[in-house]
Amino acid sequence: MSFGGSSGAGGRAAKKAYEFGRTYVVRPKGKHLATMVWLHGLGDNGGSWSQILETLPLPNIKWICPTAPSRPISLFGGFPSTAWFDVQDLSEDSPDDLEGLDAAAAHVVNLLSTEPADIKLGVGGFSMGAATALHAATCHVSGKYASGEQFPVNLCAAVGLSGWLPCAKTLTPRLASTEAANRASSLPILLCHGKADDVVQYKFGEKSSKALISSGFADVTFKSYDGLGHYTHPEEIQEICTWLKSKLNLDGQ
């Protein structure tokens with residue numbers, strides 16, 4: 001969660017093979033205009049979110065809800081859990097698991113790679129899934145994964161609920177090129193966070209929003225909710241629907 005700490009070990013580590021779980025798909029009920037990969041939180045699976053997304057009044061969106069690999073989690077003393085990447089602790093000084101983040105972003109790319117060329121693509125998630133979605137979004141903007149390899153998918157929107165921005169302190173240097181700056185200025189991002197969140201503190205969501213804006217992201221919407229803990233509620237879900245309809249030009253379809 002690097003607002004002030006390390007961004008992980010230096011050098012190129014050998015890539016691990018991650019075995020991702022089941023992927024759940026919510027088919028569009030109307031004309032297919034957009035596809036969103038939605039990423040669950042720590043210890044969850046894609047099925048729980050697919051049930052929520054199935055009910056949304058967004059008939060033109062196809063939702064892809066993968067399940068993270070089960071892996072030892074440092075935060076849990078090495079006890080395994082479904083997780084997109086490893087977390088040592090939920091603090092500003094905790095190092096980022098760049099290898100895990102890149103592997104999760106590459107899985108998002110893989111899931112979107114077979115979508116039709118005329119379909120708008122996006123990524124979103126809750127908690128750790130939100131952090132992963134924001135990592136994928138910054139990789140798209142910089143044109144590269146954290147490893148330096150090319151990021152091959154064009155994202156049109158990113159949504160993060162109750163999450164944080166990984167690698168925040170190294171973001172601005174990654175966006176130094178004109179191409180990256182142009183992509184940052186045009187990628188819409190929605191962040192939502194409850195002020196009573198006792199798992200991922202509200203300040204992390206607020207700082208993530210400010211870090212994105214200061215790095216050149218020109219279309220960042222940050223919504224806060226009084227009394228909301230580390231979960232979702234209907235007002236937040238409605239905000240997502242309205243925002244996606246607008247940013248993906250789904251109104252009137």
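**Notebook: strands, cores and cavities**

I began with the crossover at β2, where β2, helix α1 (residues 46-53) and β3 form a right-handed β-α-β unit. I note at the outset that the model is predicted.

**Entry 1. Strand β2 and its partners**

I looked up the pairing of β2 with strand β3 (residues 61-65) and found the parallel sense, over four bridges. Within that pairing, T35 stands opposite K62 of β3.

I then turned to β6 and recorded that β2 (residues 34-39) pairs with β6 in the parallel sense as well, over six bridges. Two positions of that pairing went into my notes. M36 faces G122 in β6, and W38 has G124 of β6 as its bridge partner.

Next I asked how many residues of β2 are buried. The strand is mostly covered, with six of its six residues buried. I also checked which way they point. A34, M36 and W38 point one way from β2, while T35, V37 and L39 point the other way, and all are buried. I set beside this the general rule that side chains in a regular strand alternate between the two faces of the sheet.

**Entry 2. Strand β6 and the second crossover**

I examined β6 (residues 120-126) in the same manner and found it mostly covered, six of its seven residues being buried. Besides β2, I looked at strand β7 (residues 157-161), which pairs with β6 in the parallel sense over five bridges. G122 has A157 as its bridge partner in β7. G122 is also the residue of β6 that M36 stands opposite.

I followed the chain across this pair and recorded that β6, helix α3 (residues 128-142) and β7 make a right-handed β-α-β unit.

**Entry 3. The nonpolar cores**

I asked which residues have the most contacts inside the largest nonpolar core. They are V37, F85, V123, F151, I189, L212 and F217, in a core of 49 residues. Two or more residues of this core come from each of β2, α2 (98-112), β6, α3, α5 (178-186), β8 (189-194) and α6 (202-214). Helix α3 gives the largest share, eight residues. Apart from this core lies another, of 27 residues, including W38, C241, L244 and L250. I noted the general tendency of nonpolar side chains in soluble globular proteins to be buried together.

I looked up V37 separately. Leaving aside neighbours within four places in sequence, V37 is in contact with I64, P66, V108, L111, L112, G122, V123 and G124.

**Entry 4. A histidine in α3**

I located H135 in helix α3. Is H135 buried or exposed? I class H135 as buried because its relative accessibility is 0%, and the cut-off for buried is under 20%. Beyond four places in sequence, the contacts of H135 are L101, D102, A105, A146 and P166.

**Entry 5. Two positive phi values**

I recalled first that most residues other than glycine have a negative phi. I then noted S162, a residue other than glycine, whose phi is positive, near 55°. S162 lies in the loop between β7 and α4 (171-174). Its relative accessible area is 0%, so I count S162 as buried.

C167 is also not a glycine and has a positive phi of about 55°. I placed C167 in the loop between β7 and α4. I count C167 as buried because its relative accessibility is 3%.

**Entry 6. Cavities**

I asked how many cavities of 30 Å³ or more there are. The count comes to two. The largest cavity holds about 60 Å³ of space. Its lining is made of 13 residues, and G160, G163, L191, H193 and G205 lie nearest its centre. I recorded α3, β7, β8 and α6 as the elements that give two or more residues to this lining. Strand β8 gives the most, with three residues.

**Entry 7. Recurring elements**

I closed by listing elements that recur in these entries. Helix α3 connects to several of them: it belongs to the unit with β6 and β7, gives eight residues to the largest core and holds H135. Strand β8 gives two or more residues to that core and three to the lining of the largest cavity.

Terms used:
Residues are numbered from 1 along each chain as its sequence is written. This is a predicted model: local features need pLDDT of at least 70, side-chain atom pairs count only at pLDDT 80 or more; totals for chains, interfaces and linings use all residues. Side-chain values use heavy atoms; hydrogens and water are left out. Buried means under 20% relative accessible area, exposed over 50%, partly exposed in between (1.4 Å probe, protein chains only). Two strands pair if DSSP finds at least two bridges between them. A crossover is right-handed if, with the strands pointing away from the viewer, the path from the first strand over the helix to the second runs clockwise. A nonpolar core is a set of buried Ala, Val, Leu, Ile, Met, Phe, Trp, Tyr and Cys residues joined through side-chain atoms within 4.5 Å. Contact means heavy atoms within 4.5 Å. On a 1 Å grid over the protein atoms alone, a cavity is a set of points where a 1.4 Å probe fits but cannot get out, and a pocket is an open set with protein on both sides within 12 Å along at least five of seven lines; lining residues have an atom within 4 Å of a point. Grid points are joined across faces, edges and corners, and a volume is the space filled by probe spheres set on the points.
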